[in-house]
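Q: Please take a close look at one buried charged residue in this model. Then set it in its surroundings, part by part.

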Amino acid sequence: MKYRPTRRTRRYAVGAAAVIVLAGFNGPALYRFSADKYHHYKINRPEYKAKNGHWKVVDVPEDNRINTIHAALLHTGKVLLVAGSGNNAANFAAKSFRSVLWNPEDNTFKNIPTPKDMFCAGHTQLPDGRLLVAGGTQRYEKLEGDVEKAGGLMFVHNENPDKPRTFRAGTRFTGKANGKTFESKDPVLVPRAKKTKNKKTGKVTVTASTARVYVEALHKGKKHQTGTEDNYRIAGLKGKDAQNFYGIAQKLSFDKKDFQGIKDSFEFDPVSERYITVDPMNEARWYPTLTTLQDGKVLSVSGLDEIGQVVPGKNELYDPKTKKWTYLPKQRFFPTYPALFLTEKGKIFYTGSNAGYGPADKGRTPGLWDVKSNQFDVVPGISDPDALETSMSVLLPPAQDQRYMVLGGGGVGEDPKSTEKTRIVDLHDKNPRFKDGPPLYAKARYPSSVILPDDTVLTTNGSGDYRGRNASNVLKAEVYDPRTNTSRGVADPLVGRNYHSGALLLPDGRVMTFGSDSLFGDKANTKPGKFQQQIDIYSPPYLYRDSRPALSDTERKVVKLGGKATYRTADAAKIRKARLIRPGSFTHVTNIEQRSIEVEFTTTKDDLTITVPKDPSLVPPGWYMLHVLDGAGTPSKAVWLKVPEDEKVPTF
């Protein structure tokens, strides 16, 4: 039998030959020409780039380097990078909160004054192009053993139907039975008691109102903790106020204290490049998801509240016109950072992806949620259902197909389990059900997926264990093609990225990646990890072709649903596709903003006319990047187009 070398053998032989040729010019170079140098040589060859793309490091001035936790592409083409305190307790204590605005076009940076700790907030694109940022950090967690003062939850009651009251931070509560004193760490507003009158008897009933606040003992030591429920007098109150206002607390102890959220909300204005304060949410939220709806309002869901508990299903809506928040009439529970997508029918699809907090047996089943009726229809069939935490979810292109993909993920909390599964569901099926797609490049938590203009999806990085534990970072990337249901590997990323990392599509068709917050810095898990501040840029293979189509008319247009817009182009005869892509807003394996919408078009010799789809739940109001593509799938640079709110769209 004649021996035929495998493709891998031939590839290695070619590599070895290159080394020998180079060594022939300079004998000692054979020893200096390491595997790393050969790798650098290989990945910079034109044919390699044309097939696999290329990565490079962004040059970031030292003064602008931050622990990027959140990133959002703005309609100015700039990227808002948000750290807040950056998962750094020292920064939090010093009230050192950071945001940086980066312009990828000329690689310039600008530090942005940041009014609150937006670390672990939620964010979403608004119809006018501002970015809504809501929630963040009120208090860092303290692990059991690190807690120095007994503390816990105090329920503050008000039996006065005519008088609300705000108690400042530092208000003291003394137990009537135990005699121990605790003080509040934050201000708390206790509403009026509720007064109801029986229409038949005329009898008036007063029901006390309740508010919650975290309290701590005045002094360190186990002797200050409590073990049973007690009523607490509030210092400084006299007469009827002392009777109407009081506290009730269960055990106040040295148990682990979770992160706590804030209610604060801001709009970031890309034009003035500053944060603008708007009304706070009704609930404090840390790790919330914000989803823009078809009428431009924003749904805010889940998060840890002001005492470190998952918000128990109290979801709310933000109206960009009034800048106010209102509760939904009915409650529905989700774990933190749930992946909630607006579907073309106006319902919300929960893929099951989430990140961080919540019981393992509650709120983790994928399904379609009708926000108006609160009905939730389970979508079955997802594989590895116990490994959906820290998975990535994406609406596959084009968005009209309503096919969703869930990639990777891990077990709840610090569970070491991870999966290489990808799962796909078609919501157009009569009975939608998840089916497995091609396996991911490795078992991975925290993978980052980005929709590319050529209708493929780039996925990069992740780690095989919780926060890269056991040196489990995955230095792999791949491109998935929804048309063929196949994936192929592309150029390997430059650095590992796990927890607190992400990726965004840029207007020129490149992809930026950011962040990573490894728990440890070595395989033995003995050295603390260091936050990865490096930003990288990936140029996909389509950027290494001889030419790409272009729209010479870059005027920013406003086009209504169902409306048309005409652009000048010298490449009209070459254009085969047009896509509207919503700018991404990424944090914690969550980017529910991104969607690529197929756009119908016609051409003349020098013009292209597009038609925006009519469905507001397919094209929610806001700014979009318009890309056109030639027959090879090479995209143009984007031009920006705004789809305004439609007054005829039903509101929630």
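A: Start with Asp186, which is buried yet has no salt bridge. The nearest side chain of opposite charge belongs to Arg139, and it is 6.3 Å away. A salt bridge needs a side-chain nitrogen within 4 Å of a carboxyl oxygen, so Arg139 does not qualify as a partner. Bear in mind that this is a predicted model.

What does the side chain of Asp186 make a polar contact with? The partner is the side chain of Gln138, at 3.1 Å. Gln138 is also among the residues that Asp186 touches, once those up to four places away in sequence are set aside. The others are Phe167, Arg168, Ala169, Val213 and Gln260.

Now place Asp186 in the fold. The residue is found in the loop between β12 (181-184) and β13 (188-190). Strand β12 has pairings on record here with β11 and β16. Three bridges join β12 to strand β11, residues 172-175, and the two run antiparallel. Within that pairing, Arg172 has Glu183 of β12 as its bridge partner. The hairpin of β11 and β12 has five residues between the strands. One residue in this hairpin, Gly179, takes a positive phi near 70°. Three bridges also join β12 to strand β16, residues 209-217, again antiparallel. Here Glu183 stands opposite Glu216 in β16. Val213, one of the residues touched by Asp186, falls within the range of β16.

Against Asp186, consider charges that do pair. Side chains of opposite charge can pair when their charged atoms come close. A search of the whole structure finds 39 salt bridges. One joins the side chains of Asp386 and Lys417, at 2.8 Å from N to O. This pair links distant parts of the chain, 31 residues apart. Asp386 is in the loop between β29 (376-378) and β30 (392-395). Lys417 is in the loop between β31 (403-407) and β32 (422-426). Asp386 is partly exposed, with a relative accessible area of 44%. Lys417 is partly exposed too, at 29%.

Lys421 forms a salt bridge with Asp436, and their closest N and O atoms are 3.1 Å apart. Lys421 lies in the loop between β31 and β32, and Asp436 in strand β33 (residues 435-436), so the pair ties together parts that are 15 residues apart in sequence. Lys421 counts as partly exposed at 28% relative accessibility. Asp436 counts as partly exposed at 41%.

Charges can also join in a network. Salt bridges that share partners connect Asp128, Arg130, Glu267, Asp269 and Lys323 into one network.

Are the residues of the Arg510 and Asp508 pair buried or exposed? Both are buried. Their side chains meet in a salt bridge, at 2.8 Å from N to O. Set that beside Asp186, which is buried but has no salt bridge.

Next, the nonpolar interior. The largest nonpolar core has 69 residues. Val79, Trp102 and Met512 have the most contacts inside it. Apart from it lies another core, of 37 residues, including Leu388, Ala399, Val425 and Phe434. Trp102 is in contact with Val79 and Met512, leaving aside neighbours within four places in sequence. The contacts of Trp102 also include Val58, Lys78, Leu81, Phe109, Leu506, Ile535 and Ile537.

Trp102 leads on to a sheet. Strand β3 (residues 79-84) and strand β4 (residues 98-103) pair in the antiparallel sense, over five bridges. Leu80 stands opposite Leu101 in β4. These strands belong to an open sheet of five, in the order β5-β4-β3-β2-β44, with antiparallel pairing. β5 (108-113) and β44 (585-586) stand at the edges with a single partner strand each, so one side of each is left without a neighbour in the sheet.

Last, a buried loop residue without charge. Ala572 is found in the loop between β42 (564-568) and β43 (575-581). Ala572 counts as buried, at 2% relative accessibility. Where sequence neighbours within four places are left aside, Ala572 is in contact with Thr603, Thr604, Lys605 and Asp607. Ala572 and Thr603 are 31 residues apart in sequence, yet 5.9 Å apart in space, C-alpha to C-alpha.

To return to the starting point: Asp186 is buried with no salt bridge, and its side chain makes a polar contact with that of Gln138.

How values were computed. Residues numbered from 1 in each chain as written. Predicted model: local features only at pLDDT ≥ 70, side-chain atom pairs only at ≥ 80, totals over all residues. Heavy atoms only, no water. Core = buried A, V, L, I, M, F, W, Y, C linked by side-chain atoms within 4.5 Å. Buried < 20%, exposed > 50% of the residue type's maximum accessible area, 1.4 Å probe, protein only. Contact = heavy atoms within 4.5 Å. Helix = DSSP H or I, 4+ residues; strand = E, 2+ residues; numbered from the N terminus. Lys, Arg positive; Asp, Glu negative; His and termini not counted. Polar contact = N/O pair within 3.5 Å; in protein donor to acceptor, adjacent residues only side chain to side chain. Pairing = 2+ DSSP bridges.
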